[in-house]
Amino acid sequence: NLTGKTALVTGSTSGIGLGIAHRLAAAGANVVVNGFGDIDAVVGELAAHGTRIGHHGADMSRPDQIAEMIAYVEREFGALDILVNNAGIQHVAALEEFPVERWDAIIAINLSSVFHTTRLALPGMRKRGWGRIVNIASTHGLVASAGKSAYVAAKHGVIGLTKTIALETATTGITCNAICPGWVLTPLVQQQIDARIKAGASPEQARHDLLAEKQPSLEFVTPEQLGELAIFLCGDAAAQVRGAAWNMDGGWTAQ
Ligand code: NAD
């Protein structure tokens with residue numbers, strides 16, 4: 001039960017972040033969402049759980065805007081108790097052709113933003129003696145795929161950062177862990193399915209081939225399932241889960 005707690009989920013207007021925001025609100029937490037798109041619709045659907053919902057539109061590639069967002073949460077909600085670092089983007093290209101600007105954007109949004117939100121959220125968590133930091137990494141934080149140099153580097157970095165934060169908070173009521181999802185059918189993955197359709201595959205074949213290449217279960221992980229794992233990590237039973245990189249990947253990294 002997270003009644004009275006306030007959670008910030010970065011990149012939560014879509015996909016996995018939105019699924020986790022729903023589960024946190026259902027557990028009684030006030031939730032601040034972040035990201036782009038139809039904000040009124042997202043805030044409206046989350047408010048149905050009956051807790052207080054806010055939004056901040058910080059661009060996660062901008063440290064100044066991240067600082068404004070953390071200050072907003074602490075000012076308007078009184079505390080930031082649960083930080084879910086979820087915002088992330090993808091770009092697929094061979095290393096020699098990888099656009100330098102995309103490399104910089106992926107490192108900033110997928111990795112450096114975790115450093116910035118965490119360094120700004122920790123003082124308040126330490127003061128209150130309790131906190132939960134859940135970083136949405138990826139199977140690509142554990143193993144690589146060709147064409148995803150920036151994403152794989154950033155996600156391996158997130159797992160390393162998670163371990164360091166866990167050590168620096170080890171004697172406190174603050175825990176920090178990473179979740180490593182396999183394929184989840186969100187806009188981020190649909191782009192990669194669309195690329196296969198453009199190359200000539202039927203929609204069914206494109207989905208099947210994408211899964212078959214990496215995910216032995218041949219089924220997508222869902223945002224709802226990831227929400228349940230996030231809730232577990234936020235609970236008392238997970239107080240000694242520290243610095244973990246916990247996969248939910250249909251067997252991807254068992255191979
Ligand atoms: P998505 O594209 O559905 O959602 C991304 C969210 O981030 C959106 O709310 C978007 O508005 C927001 N966002 C994008 N750029 C931003 C920026 N600069 N500042 C603030 N917000 C920004 O993506 P998703 O698939 O739900 O991915 C969420 C996280 O899960 C990412 O970190 C991704 O790497 C990770 N992940 C996804 C999968 C998958 O299969 N979909 C697998 C493993 C890990």
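Modeller: Before we start, a residue counts as near a molecule if its C-beta atom, placed from the backbone, lies within 6 Å of it. Keep in mind that this is a predicted model.

Biologist: Thanks! So how many residues surround the ligand?

Modeller: The ligand is surrounded by 29 residues, and the closest are Gly-11, Gly-15, Gly-35, Gly-88 and Thr-186. Helix 1, helix 4 (100–128) and helix 6 (187–198) are the elements that give two or more residues to that shell.

Biologist: And what is the shell around the ligand like by class?

Modeller: It has 15 polar residues, 13 nonpolar ones and one charged residue.

Biologist: Switching topic: in what order do the strands of the sheet come?

Modeller: The order is 3-2-1-4-5-6-7, with seven strands forming an open sheet and parallel pairing. Strand 3 (53–56) and strand 7 are the edge strands, and each pairs on one side only. On average, neighbouring strands of this sheet are turned by 20° against each other, direction ignored.

Biologist: Which helices pack on the sheet?

Modeller: Helix 2 (residues 39–47) is one of them, touching strand 2 (30–34) and strand 3, and its direction makes about 155° with that of strand 3. Helix 5 (residues 149–168) packs there too, touching strand 5, strand 6 and strand 7, and its direction makes about 160° with that of strand 6.

Biologist: Let's look at strand 4. Which way do its residues point, and are they buried or exposed?

Modeller: Ile-82 and Val-84 point one way, Leu-83 and Asn-85 point the other way, and all are buried. In a regular strand, side chains alternate between the two faces of the sheet.

Biologist: How many bridges join strand 4 to strand 5?

Modeller: Four bridges join them, and the two strands run parallel. Ile-82 has Arg-132 as its bridge partner in strand 5, while Val-84 stands opposite Val-134.

Biologist: What about strand 1 and strand 4?

Modeller: Strand 1 (residues 6–9) is joined to strand 4 by three bridges, again running parallel. Leu-8 stands opposite Leu-83 there.

Biologist: Last one, helix 8. What should its span be?

Modeller: Helix 8 (residues 223–234) has twelve residues, so at 1.5 Å a residue it should span 16 Å; its end C-alpha atoms are 16 Å apart, which agrees.

Biologist: Which residues of helix 8 are buried, and what do they pack against?

Modeller: The buried ones are Pro-223, Leu-226, Gly-227, Leu-229, Ala-230, Ile-231, Leu-233 and Cys-234. They pack against helix 1 (15–26), strand 4 (82–85), strand 5 (131–136), strand 6 (174–181) and strand 7 (245–248).

Key: Residues are numbered from 1 along each chain as its sequence is written. This is a predicted model: local features need pLDDT of at least 70, side-chain atom pairs count only at pLDDT 80 or more; totals for chains, interfaces and linings use all residues. The expected span of a helix is 1.5 Å times one less than its number of residues. A residue is buried if 20 or more other C-beta atoms lie within 10 Å of its own, exposed if 12 or fewer, and partly exposed in between; C-beta atoms are placed from the backbone. Two residues are in contact if their C-beta atoms, placed from the backbone, lie within 7 Å. Ala, Val, Leu, Ile, Met, Phe, Trp, Tyr, Cys and Pro count as nonpolar, Asp, Glu, Lys and Arg as charged, and the others, Gly among them, as polar. Two strands pair if DSSP finds at least two bridges between them. Axes are lines fitted to C-alpha atoms, for helices over the stretch in contact, and angles run from 0 to 180 degrees between N-to-C directions.
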